[in-house]
Amino acid sequence: MRRLFPVTDQTATRASDGGGGDVGAGGVGETPGASGAPGAGPNDREWSLAELAAAYAYPESVTDPGGAPVPWLRANMVSTLDGAAQHDGKSQPISTAADMRIFGTLRGLADVVVVGAETVRQEGYRPARARAEFAEAREAAGQAPAPAIAIVSASLDLDFSLPLFTSPLTPTLILTGAAAAPDRVATAEKAGARVVVAGDGVGVEPARAVRALADLGFTRLLTEGGPRLLGQLVAAGVLDELCLTVSPMLTAGDAQRIAGGPFVAVPQRFALVSLLEEEGFLFGRYQRT
């Protein structure tokens, strides 16, 4: 893993004297190998989880004028060079070990993981697990041992016999609308899920969902999609940050992009905060300007 951006003074100094790379945040740098190729040297190594956690730390907590905590919603997605967010319906084939380390780190930092019901079904979602590497930091931050999973579902058409409902460390949440079928709500609650109303109709209103989660004490929000949910969050203007892995693969076909759904009349501008690289995979972090 090596840092490509932001460029530090040390990066420029080492490059000018032939020494290679950045030793910025996390103390991780790059050194040209014998061929002169960046990233081929001994300092281009696997980052520790502590270094990744520092690189992806949430902004400091803030409150609004009324004293309510202001939530921060980040998304974590992967895309191929030709824009596919999945291959054969799943994201795993276009991922890599480094991407999964970042995936685990982002979960280790989050209070709650927001995910669409279709993604739960397709990806075979399981409860988030507690990881010893994050235990001390989570306890110090007042977080549960593992993030809760919050499923966005209008129909509540879910398999409540899955471990996501039968054995989570933190009770699973279901975000739905006020018009959701009462029998499905009752079934979900009987299975141990906490149903949270975040819309007046059948579906969920993204801004209300974010606020409802914050009111429950979840302010470090992470969404892992899928594309339809991310598109709704983008269209509603509630996404604060995108962590995007660009996979050096081409798939062609008709796979979804990372975000679909409603059209945004004016493209939203995000600023690049950091860019990491490993084995040709790029790991970008973008924040709303």
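Begin at a small enclosed space: the second largest cavity of this predicted model holds about 30 Å³. To find it, select Pro-127, Ala-128, Pro-147, Ala-148, Ile-149, Pro-168, Leu-169, Thr-170 and Thr-172, which line the second largest cavity. By class, seven of these lining residues are nonpolar and two are polar, and no charged residue is among them.

**The largest cavity**

The structure holds two cavities of 30 Å³ or more, and the next stop is the largest cavity, with about 90 Å³ of space. Its lining is made by Leu-73, Val-114, Val-152, Leu-175, Val-204, Pro-206, Ala-209, Val-210, Leu-213, Leu-229, Gln-232 and Leu-233. Two elements, α8 and α9, give two or more residues to that lining, and the largest share, four residues, comes from α8. Colour the lining by residue class and you will find 11 nonpolar residues, one polar residue and no charged ones.

**Helix α8**

Now select helix α8, residues 206–215, and ask which of its residues are buried. The buried residues of α8 are Pro-206, Ala-209, Val-210, Ala-212, Leu-213 and Ala-214; among the residues that line the largest cavity are Pro-206, Ala-209, Val-210 and Leu-213. As a guide to reading such a helix, an α-helix has 3.6 residues a turn, so residues three or four places apart point the same way. After α8, move on to Gly-217, which follows the helix and has a positive phi, near 95°.

**The largest pocket**

Next, turn to the open spaces, starting with the largest pocket, which contains about 750 Å³ of space. The largest pocket is lined by 33 residues, and those closest to its centre are Met-100, Phe-103, Arg-107, Tyr-125 and Glu-224, so labelled here as a selection to centre the view on. Strand β2 (72–80) and helices α3 (97–109), α4 (117–123) and α5 (132–140) each supply at least two residues of the lining of the largest pocket. Show α3 in a separate colour, since the largest share of that lining, six residues, comes from α3. Divided by class, the lining of the largest pocket has 13 nonpolar, 11 polar and nine charged residues.

**The second largest pocket**

From there, go to the second largest pocket, whose volume is about 540 Å³. Of the 20 residues that line the second largest pocket, select Val-234, Leu-242, Arg-257, Ile-258 and Ala-259, which are the closest to its centre. Helix α9 (227–236) and strand β8 (241–247) each supply at least two residues of this lining, and α9 gives the most, with four residues. The lining of the second largest pocket has 13 nonpolar, six polar and one charged residues.

**Ser-247 in strand β8**

Stay with strand β8 and select Ser-247, which has its place in that strand. Is Ser-247 buried or exposed? Ser-247 counts as buried because its relative accessible area is 0%, where buried means under 20%. With residues up to four places away in sequence left out, Ser-247 touches Val-78, Ser-79, Thr-80, Leu-81, Ile-94 and Phe-281. Showing these residues as sticks brings strand β10 (residues 281–288) into the selection through Phe-281.

**Strands β1, β9 and β10**

Now display strand β10 together with strand β9 (residues 270–278), and then add strand β1 (residues 2–5). Eight bridges join β9 to β10, and the two strands run antiparallel; within this pair, Leu-276 stands opposite Phe-283 in β10. β9 and β10 form a hairpin with two residues between them, and Glu-279 in the turn has a positive phi of about 55°. Strand β1 also pairs with β9 in the antiparallel sense, over three bridges. To see one of these bridges, select Phe-5 and its partner in β9, Leu-275.

**The whole chain**

Finally, zoom out to the full protein chain, which has nine helices and 10 strands. How many residues does the chain have, and what share of them is buried? Of the 289 residues in the protein chain, 46% are buried. Among contacts between residues at least 6 apart in sequence, 66% join residues at least 24 apart. Switch on the surface to end the tour: the accessible surface of the protein chain comes to about 13,800 Å², of which 55% belongs to carbon and sulfur atoms.

Technical notes
Residues numbered from 1 in each chain as written. Predicted model: local features only at pLDDT ≥ 70, side-chain atom pairs only at ≥ 80, totals over all residues. Heavy atoms only, no water. Pairing = 2+ DSSP bridges. Buried < 20%, exposed > 50% of the residue type's maximum accessible area, 1.4 Å probe, protein only. 1 Å grid on protein atoms, 1.4 Å probe; cavity = no way out; pocket = protein on both sides within 12 Å on 5 of 7 lines; lining within 4 Å. Points joined across faces, edges and corners; volume = space filled by probe spheres on them. Nonpolar A, V, L, I, M, F, W, Y, C, P; charged D, E, K, R; others polar. Contact = heavy atoms within 4.5 Å. Areas by Shrake-Rupley, 256 points an atom, 1.4 Å probe, with all protein chains shown as cover.
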